[in-house]
Amino acid sequence: SDEEFMIMSIDVKSYYPNLAIRNNLYPEHMGQTFCKIYEEVYEQRKQHKKGTTENAMLKLALNETYGDSNNPYTPFYDPKFTMSITIGGQLSLCMLTEQLIKTPSLRMIMLNTDGLECIVKREYYNHVIQVCKWWEQVTNLELEYDEYDHLFVRDCNNYIGEYMNGNVKRK
């Protein structure tokens, strides 16, 4: 990032669990009650600050439940549920990307399973946010934003990002 351009990170909050909750998707053998309980766990997680043990535990419970939907040795196993979340999620992010790339000066850096990174002139920041707000209304999901000072990318699974506040993210 510099005076003219900013590197933005746009991520969906608790993406795979919220795709299930907001779209009423559940392992077929578990029924709709699954979504109600899943949402209760998500709401409990929101009660705890990021970085706390409680938040991490509930995040793990949410993500492991989705992950176990593709494991035949767990009670959550349902390949249709897994694929509905995965494919629906990627198509939703593609829809967001399709609208964002219409923004003058915006260049995509990478798109991953739950968000994207792009670079855009600062003067278009509010436009980007408006596009994101539109997407949130369409999908009933919530986005989080951050700005990187530096982003060093080999690929979407191997990068180092330094946030404007000095924190570093490695993946």
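The following questions and answers walk through a predicted model of one protein chain.

Reader: Which pattern of helices and strands does the protein chain follow along the sequence?
Author: In this predicted model, the secondary structure of the protein chain comes to 5 helices and 6 strands. Read along the sequence, these elements give the pattern β-α-α-α-α-β-β-α-β-β-β.

Reader: Why does the protein chain count as being as compact as a globular protein of its length, and what is its radius of gyration?
Author: The C-alpha trace of the protein chain spans about 55 × 35 × 30 Å along its principal axes. For 171 residues the globule rule gives 16 Å, and the value for the protein chain is close to this, so the chain is as compact as a globular protein of that length, with a radius of gyration of 17 Å.

Reader: What share of the contacts between residues at least 6 apart in sequence joins residues at least 24 apart?
Author: Of the 171 residues in the protein chain, 38% are buried. When contacts in the chain are taken between residues at least 6 apart in sequence, the share that joins residues at least 24 apart is 53%.

Reader: How far apart do the centres of the positive and negative side chains lie?
Author: The accessible surface of the protein chain comes to about 9900 Å², and carbon and sulfur atoms account for 51% of that surface. As for charge, the chain has 18 positive and 24 negative side chains, and the distance between the centres of the two sets is 1 Å.

Reader: Is S9 buried or exposed?
Author: S9 has its place in strand β1, which covers residues 5-12. Leaving out residues up to four places away in sequence, S9 touches L116, E117, E144, Y145, D146 and Y148. Because its relative accessibility is 2%, and the cut-off is under 20%, S9 counts as buried.

Reader: With which side chain does the side chain of S9 make a polar contact?
Author: The partner lies in strand β1, and its relative accessible area of 16% makes that residue buried as well. Apart from neighbours within four places in sequence, this partner is in contact with D114, G115, L116, E142, L143 and E144. The polar contact has a length of 3.3 Å, and the side chain that S9 meets there is that of D11.

Reader: What is the phi of S14 near?
Author: Most residues other than glycine have a negative phi. S14 is found in the loop between β1 and α1, where it is buried with a relative accessible area of 15%. Its phi is positive although the residue is not glycine, with a value near 40°.

Reader: Where does S105 lie, and what is its phi?
Author: S105 belongs to the loop between α4 (79-100) and β2 (107-111). With a relative accessible area of 27%, S105 is partly exposed. It is not a glycine, yet its phi is positive, at about 75°.

Reader: How many Å apart in space are Y77 and H29, C-alpha to C-alpha?
Author: Y77 is in the loop between α3 (53-68) and α4, and a relative accessible area of 33% makes Y77 partly exposed. Beyond its neighbours within four places in sequence, Y77 has contacts that include H29, D68 and P72. Although Y77 and H29 are 48 residues apart in sequence, their C-alpha to C-alpha distance in space is 9.1 Å.

Conventions:
Residues numbered from 1 in each chain as written. Predicted model: local features only at pLDDT ≥ 70, side-chain atom pairs only at ≥ 80, totals over all residues. Heavy atoms only, no water. Helix = DSSP H or I, 4+ residues; strand = E, 2+ residues; numbered from the N terminus. Rg over C-alpha atoms; globule rule 2.2 N^0.38 Å. Buried < 20%, exposed > 50% of the residue type's maximum accessible area, 1.4 Å probe, protein only. Contact = heavy atoms within 4.5 Å. Areas by Shrake-Rupley, 256 points an atom, 1.4 Å probe, with all protein chains shown as cover. Lys, Arg positive; Asp, Glu negative; His and termini not counted. Charge placed at Lys NZ, Arg CZ, Asp CG, Glu CD. Polar contact = N/O pair within 3.5 Å; in protein donor to acceptor, adjacent residues only side chain to side chain.
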